[in-house]
Amino acid sequence: MIDAISITRDLVRCPSVTPADAGALGVIENILKAAGFEVHRVTFSEPGTADIDNLYARIGNQAPHITFAGHTDVVPPGDESAWTHGPFAGEVKDGFLYGRGAVDMKGGIACSVAAVLDYLRDNGGRPQKDGRGSISFLITGDEEDISVNGTIKLLKWAAERGEKFDHCVLGEPSNVEVLGDTIKVGRRGSQSGTLYVEGVQGHVAYPHRASNPVPDISRLIVALSDEPLDHGSAQFQASNLEFTSVDVGNTASNVIPGQARAKFNIRYNDNHTQESLRQLVEERLAKACGNRIRARIVWEPSNSNVFVTKPGPFTDLAVAAIEAVTGRKPELSTSGGTSDARFISNYCPVIEFGLVGQTMHQINERTPIADLEKLTQVYRGVLDRYFA
């Protein structure tokens, strides 16, 4: 029997720091092929970026079609000597499985694979005994970096082949404290930009011959930060604009700088689109500048749009499966950063439910063995209810 623990160990032992695959997708490919899946390995490229290997596998050719999504790439381990157990050793100690990616999110992938195999064994190797239904896997190696050659392109590739997804479970570590406390049903959008304020360079002893942009950018930072962008929505907390750096590029103490700039990021809810958000901020900037301050914003490209999967039958069956295994009724949350769910949401409703995220990206990343077993049971419960 192939279980979630052995699959997680095999995946963790592949040092798949983005963009390296290091054999991780091969682990999944071999297991799924043996179970009767049609498996495709697809490599995508983009000028100036690393090539990324991806995997798509499907069994069945009819609706309803549920897909399990995830990524096998991981962040760097940092100082490996600081780890109690080797970051790519996949060691089990005192009830925990250690290793980079154990939580984020090789463990989640392993649980979904183990659950699907278990479900197929009980159903004659088919999603449903009458031949209906499909199960697939969308796995990328490009989530922890710039996410341009991964899920977004794999989804487009699949759609061009005629693949249609009805629902998706993404195995990101969604839980906050204990397994069963949180399902992610949406994510805020992310938009970054740089505020530029123009001045006139000059000698500090002759300020009347210069125009110092530093006081002006300070006023604009306060003006843009103080007024709320909104007051939240039914599924989301209030949007937030946060300045992250201020710089004038000036190394001399006797020179008034000619320009000041400040970087910022906005995490926004479903009250806005990227276009309406930019327009709102530009209008507030123009008002704060008046007819005196010369300022502009340079917006960065963003593929992080806001999305939400609203409560309904799909979220209800996920909640029921989680509650049956953990005894907890999970919160439907839209908190946190971005994930590949933002791409999947353009094709079908998607929820995120995986392991507890407390140690992800940390030294000694680890997950309890018990959580791997329970998460597998949850995914099995989702499948039972989905195809009932």
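Me: Where is Ser 147 placed in this predicted model?

Reply: In this predicted model, Ser 147 belongs to the loop that joins strand 6 (134-140) to helix 4 (151-160).

Me: Why is Ser 147 called buried?

Reply: The term buried applies under 20% relative accessible area. Ser 147 has 4% relative accessibility, and therefore it counts as buried.

Me: What makes the phi of Ser 147 worth a remark?

Reply: Most residues other than glycine have a negative phi. Ser 147 is not a glycine, although its phi is positive, at about 55°. Asn 364 also has a positive value, with phi near 60°, and is a residue other than glycine. The loop between strand 18 (350-352) and strand 19 holds Asn 364.

Me: Is Asn 364 buried or exposed, and how do you know?

Reply: The relative accessibility of Asn 364 is 14%. The limit for buried is under 20%, so Asn 364 counts as buried.

Me: What makes Thr 367 a buried residue, and what is it in contact with?

Reply: Thr 367, in strand 19 (residues 366-368), has 2% relative accessibility and therefore counts as buried. Neighbours within four places in sequence aside, its contacts include Gly 95, Phe 96, Leu 97 and Leu 355.

Me: Which peptide bonds before Pro 19 and Pro 64 are called cis, and with what omega?

Reply: The bond from Thr 18 to Pro 19 is cis, with omega near 10°, and the bond from Ala 63 to Pro 64 is cis, with omega near 0°. Most peptide bonds are trans. Pro 19 sits in the loop between helix 1 (4-12) and helix 2 (24-34), while Pro 64 sits in the loop between strand 2 (52-59) and strand 3 (65-71).

Me: How do you know that strand 12 and strand 14 pair?

Reply: Pairing requires at least two bridges between the strands. Strand 12 and strand 14 (residues 259-268) are joined by seven bridges, so they pair, and they run antiparallel. One of the bridge partnerships links Asp 247 to Arg 261 in strand 14.

Me: Why are strand 12 and strand 15 said to stand at the edges?

Reply: The open sheet of four strands follows the order 12-14-10-15, with antiparallel pairing. Strand 12 (240-247) and strand 15 (294-299) each have a single partner strand, so one side of each has no neighbour in the sheet. From one strand to the next, the twist averages 25°.

Me: Which strands does helix 5 touch as it packs on the sheet?

Reply: Helix 5 (residues 213-226) touches strand 10 (189-198), strand 12, strand 14 and strand 15, and its direction makes about 150° with that of strand 10. Helix 6 (residues 274-289) lies across strand 10, strand 12, strand 14 and strand 15, at about 165° to strand 15.

Me: What is the volume of the largest pocket, and which residues are closest to its centre?

Reply: The volume of the largest pocket is about 380 Å³. Of its 24 lining residues, Glu 143, Glu 172, Arg 187, Thr 338 and Met 360 are the closest to the centre. The lining comprises four nonpolar, 11 polar and nine charged residues.

Me: What lines the second largest pocket?

Reply: The second largest pocket, with a volume of about 220 Å³, has among its lining residues Ser 190, Asn 265, Arg 267, Glu 300 and Thr 338. Strand 10 gives the largest share of this lining, three residues. The lining divides into one nonpolar, nine polar and two charged residues.

How values were computed. Residues are numbered from 1 along each chain as its sequence is written. This is a predicted model: local features need pLDDT of at least 70, side-chain atom pairs count only at pLDDT 80 or more; totals for chains, interfaces and linings use all residues. Side-chain values use heavy atoms; hydrogens and water are left out. Helices (H or I, at least four residues) and strands (E, at least two) are DSSP runs, numbered from the N terminus. Buried means under 20% relative accessible area, exposed over 50%, partly exposed in between (1.4 Å probe, protein chains only). Contact means heavy atoms within 4.5 Å. Axes are lines fitted to C-alpha atoms, for helices over the stretch in contact, and angles run from 0 to 180 degrees between N-to-C directions. On a 1 Å grid over the protein atoms alone, a cavity is a set of points where a 1.4 Å probe fits but cannot get out, and a pocket is an open set with protein on both sides within 12 Å along at least five of seven lines; lining residues have an atom within 4 Å of a point. Grid points are joined across faces, edges and corners, and a volume is the space filled by probe spheres set on the points. Ala, Val, Leu, Ile, Met, Phe, Trp, Tyr, Cys and Pro count as nonpolar, Asp, Glu, Lys and Arg as charged, and the others, Gly among them, as polar.
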